[in-house]
Amino acid sequence: MRSLVLVGLFIVGNAVAQQAPETVFGLELNAPISIPECQFDRSSRTYFPEAGSCYKRDQVRNNRGKLVDAEGSLGDERVEVYFAHRNRPAIVSGFKIWGVLRGGELVSVGTRTGGISTQAQDLAQLKEKYGEPTRFEAQSLQNGAGAKFEGLLAEWELPTGTYVKLESPDMTMAKLPTLGGPNVGTMSVVTAEIKAERDAKRDATESQ
């Protein structure tokens, strides 16, 4: 099984990588999340751990419609993963990523990147790990002020079916300066099952 290791600079020896499970930022795909739950720091009002990383569950609505903290075992839900300042992976813009769980197992991970300001090194790191993208598309963009930018869309489909995507900048935000404009991109990793579900939904929408 080819591994998916995206930690730090994404540089992992081939022999080690082939033996390791598929992981993203140290989190194993198709497995229960292995890091501790975050504790809220009232003095700094953040969830950042002193070392490593931790996860924070999204709130849920109770029977009165009020948002409350989730309790019990992890199930089908979304989580945020926070990194200690010195442990932030190079490709992550900010200090957290998001993940999706199914039955308590991690099936999707995503993060914002620096968009066009970091896209060259972001792409280089991913190519270092996975080789040339399965698909690559250059994107010429222009914002409302007339400024032009050269972006990219790169996709990798791994032998296991795991799908990796780098969109730089994120086209949703590229034309909206208040959301970061061209300096916000996205990188995502999803399992084969989630990729198939998304493709099915897209095909159903296009056929209507």
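In this predicted model, Glu197 has a relative accessibility of 29% and therefore counts as partly exposed, since that value falls between the 20% limit for buried and the 50% limit for exposed residues. Its salt-bridge partner is Arg102, with the closest N and O atoms 2.9 Å apart. The two residues come from distant parts of the chain: Arg102 sits in strand β7 and Glu197 in helix α4, with their positions 95 residues apart in the numbering. Arg102 is likewise partly exposed, at a relative accessible area of 34%. Helix α4 itself, spanning residues 192-207, lies across β7, β8, β10, β11 and β12, and it runs at about 115 degrees to β12.

The sheet beneath these contacts is worth a closer look. Eight strands make up an open sheet in the order β3-β6-β7-β8-β12-β11-β10-β9, with antiparallel pairing. At the edges are β3 and β9, each of which pairs on one side only. From one strand to the next, the twist averages 20 degrees. Helix α2 (residues 119-130) also packs on the sheet, where it touches β8, β9, β10, β11 and β12, and its direction makes about 15 degrees with that of β10. Elsewhere in the sheet, strand β6 (residues 77-83) is joined to strand β7 (residues 96-102) by 6 bridges, and Glu77 has Leu101 of β7 as its bridge partner.

Strand β10 (residues 148-157) is mostly covered, with 7 of its 10 residues buried. On one side, 8 bridges connect β10 to the antiparallel strand β9 (residues 135-142); here Glu137 is paired with Leu153 of β10. A further 6 bridges connect β10 to strand β11 (residues 163-168), again antiparallel, and Glu157 is paired with Tyr163 of β11. The hairpin of β10 and β11 has 5 residues between the strands, and Gly161 takes a positive phi near 100 degrees there.

Glu157 also takes part in a salt bridge, its side chain meeting that of Arg135 at 2.8 Å from N to O. Because Arg135 lies in strand β9 and Glu157 in strand β10, this pair ties together parts that are 22 residues apart in sequence. Both ends are partly exposed, Arg135 with a relative accessible area of 36% and Glu157 with 40%. Another pair, Lys165 and Glu167, meets at 3.9 Å from N to O. Lys165 is partly exposed at 25%, whereas Glu167 counts as buried at 13%. Asp58, Arg78, Glu80 and Lys96 are joined into one network by salt bridges that share partners. The salt-bridge count comes to 12.

Away from these charged pairs, Ile35 is found in the loop between β2 (27-28) and β3 (53-57). With a relative accessibility of 15%, Ile35 counts as buried, because the limit for that class is 20%. Beyond its neighbours within four places in sequence, Ile35 is in contact with Leu27, Ser53, Cys54, Tyr55 and Val81. The C-alpha atoms of Ile35 and Tyr55 are separated by 6.9 Å, although the two residues are 20 residues apart along the chain.

Taken as a whole, the protein chain contains 4 helices and 12 strands. Of its 208 residues, 42% count as buried. Among contacts with a separation of 6 or more, 51% are between residues 24 or more positions apart. The accessible surface comes to about 11,700 Å², and carbon and sulfur atoms account for 49% of it.

Notes:
Residues are numbered from 1 along each chain as its sequence is written. This is a predicted model: local features need pLDDT of at least 70, side-chain atom pairs count only at pLDDT 80 or more; totals for chains, interfaces and linings use all residues. Side-chain values use heavy atoms; hydrogens and water are left out. Buried means under 20% relative accessible area, exposed over 50%, partly exposed in between (1.4 Å probe, protein chains only). Contact means heavy atoms within 4.5 Å. Accessible areas come from the Shrake-Rupley method with a 1.4 Å probe; for residues, only the protein chains shown count as cover. Two strands pair if DSSP finds at least two bridges between them. Axes are lines fitted to C-alpha atoms, for helices over the stretch in contact, and angles run from 0 to 180 degrees between N-to-C directions. A salt bridge is a side-chain nitrogen of Lys or Arg within 4 Å of a carboxyl oxygen of Asp or Glu.
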